[in-house]
Amino acid sequence: MNVRDSEHIIAELEDKEDYRLTDDSSEADLILINTCSVREKPVSKLFSEIGVFNKHKKDGAKIGVCGCSASHLGKDIFKRAPEVNFVLGARNVSKITKAIKSDKFISVDIDYDESNYAFSEFRNNQYKAFVNISIGCDKKCTYCIVPHTRGDEISIPAELIINEARKAAKNGAKEIFLLGQNVNNYGRRFSDKAHQKMDFSDLLDMVSEIDEVRRIRFTSPHPLHMDDKFLEVFAKNPKVCKSMHMPLQSGSTRLLEKMKRGYSKEWFLNRALKLRSMVPDASISTDIIVGFPGESDEDFEDTLDVMKKVKFEQIFSFKYSPRPLTKAAEFTNQVDPQVASQRLQRLQDLQEKILDEISLTKKDKEYKVYFEEKRNNGLLAGKSDNNALVQVEGKDEWLGMIKTVRITNPKRLSMYGEVI
Ligand code: SAH
Ligand code: SF4
């Protein structure tokens with residue numbers, strides 16, 4: 001989502017203010033830092049980065065801080081780093097052209113509604129287009145700062161989404177990547193109350209009706225909202241790529257309750273295994289937090305148990321990081337950081353074993369691969385329909401094409417093969 005916010009900022013500045021991108025910050029008239037605040041580490045990096053940019057910037061160049069840390073730290077950023085010229089929160093991106101024009105501009109309003117704003121066009125990747133479908137998040141996961149930095153959830157009108165997807169697809173993006181904190185909750189609230197009633201499954205069908213769109217991906221869906229209708233559209237719509245992100249967070253029902261995730265271990269397993277039975281080739285990825293306050297050995301074993309049962313193709317695992325404004329940061333039973341580190345290591349070791357097992361089954365399999373990139377190693381790289389990274393020796397003109405690849409050498413993080 002931050003990547004897309006950055007694209008929006010660049011688009012507005014290029015289109016309306018005649019700025020151009022540069023790779024050299026010492027040449028820049030404007031330096032923007034787009035920030036995350038989900039965990040503490042990137043926040044602490046922010047101020048050292050501001051210092052480095054300030055030292056090397058040219059005279060008169062401005063520095064702006066955008067994104068979730070801008071939302072949550074607000075004017076404290078000016079106090080801690082007086083060299084910053086403006087602060088623009090994650091839900092105020094459309095105000096970038098105003099922000100650059102007045103000194104010490106600040107806008108971090110998390111009630112600001114930009115769901116109807118049609119941003120100018122800019123994309124880093126010509127083959128794949130990110131398209132936002134909602135802003136904010138209505139959930140109250142007790143560890144998570146996002147609702148406090150991006151505000152309540154509002155769905156973007158379907159017409160805006162379809163127009164944007166159509167334009168991107170006409171410009172060569174065969175893959176549309178729909179983005180939101182909670183995509184399968186789409187349609188719960190529009191700012192225009194007269195908007196037609198619809199849900200995420202309906203939206204997937206609408207996007208798939210655009211001829212030039214060949215692939216649709218999305219992130220993040222919420223396990224709680226994975227009803228049968230959603231799984232069926234996922235399984236049956238041939239344009240919907242067969243990879244599902246199912247953020248587990250923890251395998252312990254007791255902990256999931258403390259996290260306020262709204263589902264149990266059993267529900268999660270039921271949905272994941274149903275998905276596996278409906279689409280045997282689908283890949284499932286997940287996010288897991290270890291060391292959430294009160295996590296016992298038994299809770300952690302539950303997480304490992306879900307991993308063994310589902311065999312995720314990809315896991316993003318994090319040590320719990322207490323965040324300001326969140327309920328869990330006040331829980332008194334914080335886990336010893338060393339214990340959390342050991343658990344993280346055990347989890348990652350288990351995942352490596354699972355991945356080795358999975359990759360053994362991939363040899364000689366055939367995948368449809370959409371080539372998007374030429375790598376430094378000279379190979380063409382792309383993603384299979386089920387989201388595996390595949391690399392082949394090939395011709396540059398294959399970039400932007402979908403080809404069938406037979407896997408000759410499957411590795412944990414990338415598969416190597418040949419186009420047939
Ligand atoms: N809306 C998405 C998540 C966005 S945040 C969802 O619900 O899946 C991305 C991931 O960061 C989360 O899934 C979670 O695993 C992790 N995360 C969020 N807050 C965290 C915290 N306080 N400490 C550690 N990891 C956290
Ligand atoms: Fe955070 Fe939960 Fe919303 Fe995801 S669903 S952004 S984890 S509050």
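**Notes on the cores, domains and one helix pair**

1. In this predicted model, the largest nonpolar core has 71 residues, and Leu-178, Phe-200, Leu-203 and Phe-218 touch the most other members. Such a core is a set of buried Ala, Val, Leu, Ile, Met, Phe, Trp, Tyr and Cys residues joined through side-chain atoms within 4.5 Å; buried is under 20% relative accessible area, exposed over 50% and partly exposed in between, with a 1.4 Å probe and protein chains only. Domain 2 (123–241) and domain 3 (248–361) each supply at least three residues to this core.

2. Leu-203 is worth a look: leaving out residues up to four places away in sequence, Leu-203 touches Ile-133, Ala-158, Ile-161, Leu-178, Tyr-186 and Met-198 (contact: heavy atoms within 4.5 Å). Another core lies apart from the largest one and has 16 residues, including Ile-33 and Val-87.

3. The full division is domain 1 (2–107), domain 2 (123–241), domain 3 (248–361) and domain 4 (366–419), with bounds from an automatic or database assignment. Over C-alpha atoms, the centres of domains 1 and 4 are 36 Å apart.

4. Now to a helix pair: α11 (residues 265–278) packs on α12 (residues 297–310) at about 10°, with 10 Å between the axes. The two are therefore roughly parallel (angles under 35 degrees), and their crossing is right-handed. Among the residues that meet are Phe-268 and Leu-269 of α11 and Val-306 and Val-310 of α12.

5. On conventions, residues are numbered from 1 along each chain as its sequence is written. Local features need pLDDT of at least 70, and side-chain atom pairs count only at pLDDT 80 or more.

Methods
Chains are lettered from A and ligands numbered from 1 in the order in which they are written. Side-chain values use heavy atoms; hydrogens and water are left out. Axes are lines fitted to C-alpha atoms, for helices over the stretch in contact, and angles run from 0 to 180 degrees between N-to-C directions. Helices (H or I, at least four residues) and strands (E, at least two) are DSSP runs, numbered from the N terminus. Angles under 35 degrees count as roughly parallel, over 145 as roughly antiparallel, 65 to 115 as roughly perpendicular and the rest as oblique. A crossing is left-handed if the near helix is turned anticlockwise from the far one by less than a right angle, and right-handed if clockwise.
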